[in-house]
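User: I have a structure to look at and a few basic questions. Can we go through it?
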Amino acid sequence: MRRSGLLVWQILQKLKEMAVEGVSTMDLEVTAEKMMADAGAKPAFKGYYVPAAGEAFKFVLCTSVNSEIVHGMPNVKRILKEGDIVSIDTGVKLDGYYGDSAITVPIGEVSEETRKLIEVTRESLELAIDQVRPGNRLFDVCGTVEKHVRGNGFSIVREYVGHGIGTQLHEEPQVPNYVDRKNDNPRLKAGMVLAVEPMVNAGKAEAIVLKDKWTAVTKDGSNSAHFEHCIAVTENGPWVLTRP
Ligand code: MG
Ligand code: MG
């Protein structure tokens, strides 16, 4: 999992450099697919069947621009421009194990509110990472994201959640970005790996899915940010597998 995590990190670093005005989201896709092939890894998302969509996803990246929350599809016609934000989510399978990570990148100068949205989302993940320790419970992770996001006046997407990860891309438990008292609250044990992935809207929380069956967008058209890391629970505390 460490090797797959570091490959995902390398890919996202490259895409972050590439994501400037005039580049299409398909340019990012082509680069990522080549990097996976060169490393002998399989894409985690391309070919992944999702019952709600009734089909498999066709790309190695999800590229979600501005009010798109998650599962946006790379497109040659989607040219990034100054003031946009793009969330890039990707995963690989290497030697039988998955890695999964996401970042949100501003294109040139963005508005003050959007800059804060990105920062608060990133911070909420960092604060949650520190809770991924043996003896803590799942709600310690979920509640930490929720408190930081709400405290800064933003809202949390409820329809899409983080997850366990290992030999499957999505494993138990689900990791919502809020405390869901209808769900179990397992104690964290060394050896577990969680993919924590706050999705945060500048406006209201409601999400809708476009007619393309994949792209989730904010209902009110406000911007949305997304960050994700895979974190192993170890006796020595959290180990973020998807960065050096
Ligand atoms: Mg992901
Ligand atoms: Mg994920």
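Analyst: Here are short answers on the fold and the metal site.
Analyst: This is a predicted model, where local features need pLDDT of at least 70, side-chain atom pairs count only at pLDDT 80 or more, and totals for chains, interfaces and linings use all residues. Residues are numbered from 1 along each chain as its sequence is written, chains are lettered from A and ligands numbered from 1 in the order in which they are written, and side-chain values use heavy atoms, with hydrogens and water left out.
User: How many helices and strands are in the chain?
Analyst: There are 4 helices and 17 strands; these are DSSP runs, H or I of at least four residues for helices and E of at least two for strands, numbered from the N terminus.
User: What share of the residues is buried?
Analyst: Buried residues are 52% of the 244 in the chain. Buried means under 20% relative accessible area, exposed over 50%, and partly exposed in between (1.4 Å probe, protein chains only).
User: New topic. What coordinates the magnesium ion (ligand 1)?
Analyst: Its donors are Asp89 (OD), Asp89 (OD), Asp100 (OD) and Glu228 (OE), at 2.0 to 2.7 Å. Donors are N, O and S atoms within 2.8 Å of the metal (3.2 Å for Na, K and Ca); water is not among the atoms, so sites may look incomplete.
User: Which strands do aspartate 89 and aspartate 100 lie in?
Analyst: Aspartate 89 is in strand β6 (residues 85–94) and aspartate 100 in strand β7 (residues 97–106), so the pair ties together parts that are 11 residues apart in sequence.
User: Are those two buried or exposed?
Analyst: Aspartate 89 and aspartate 100 are both buried.
User: And how far is ligand 1 from ligand 2?
Analyst: The two magnesium ions are 3.1 Å apart, and aspartate 100 coordinates both.
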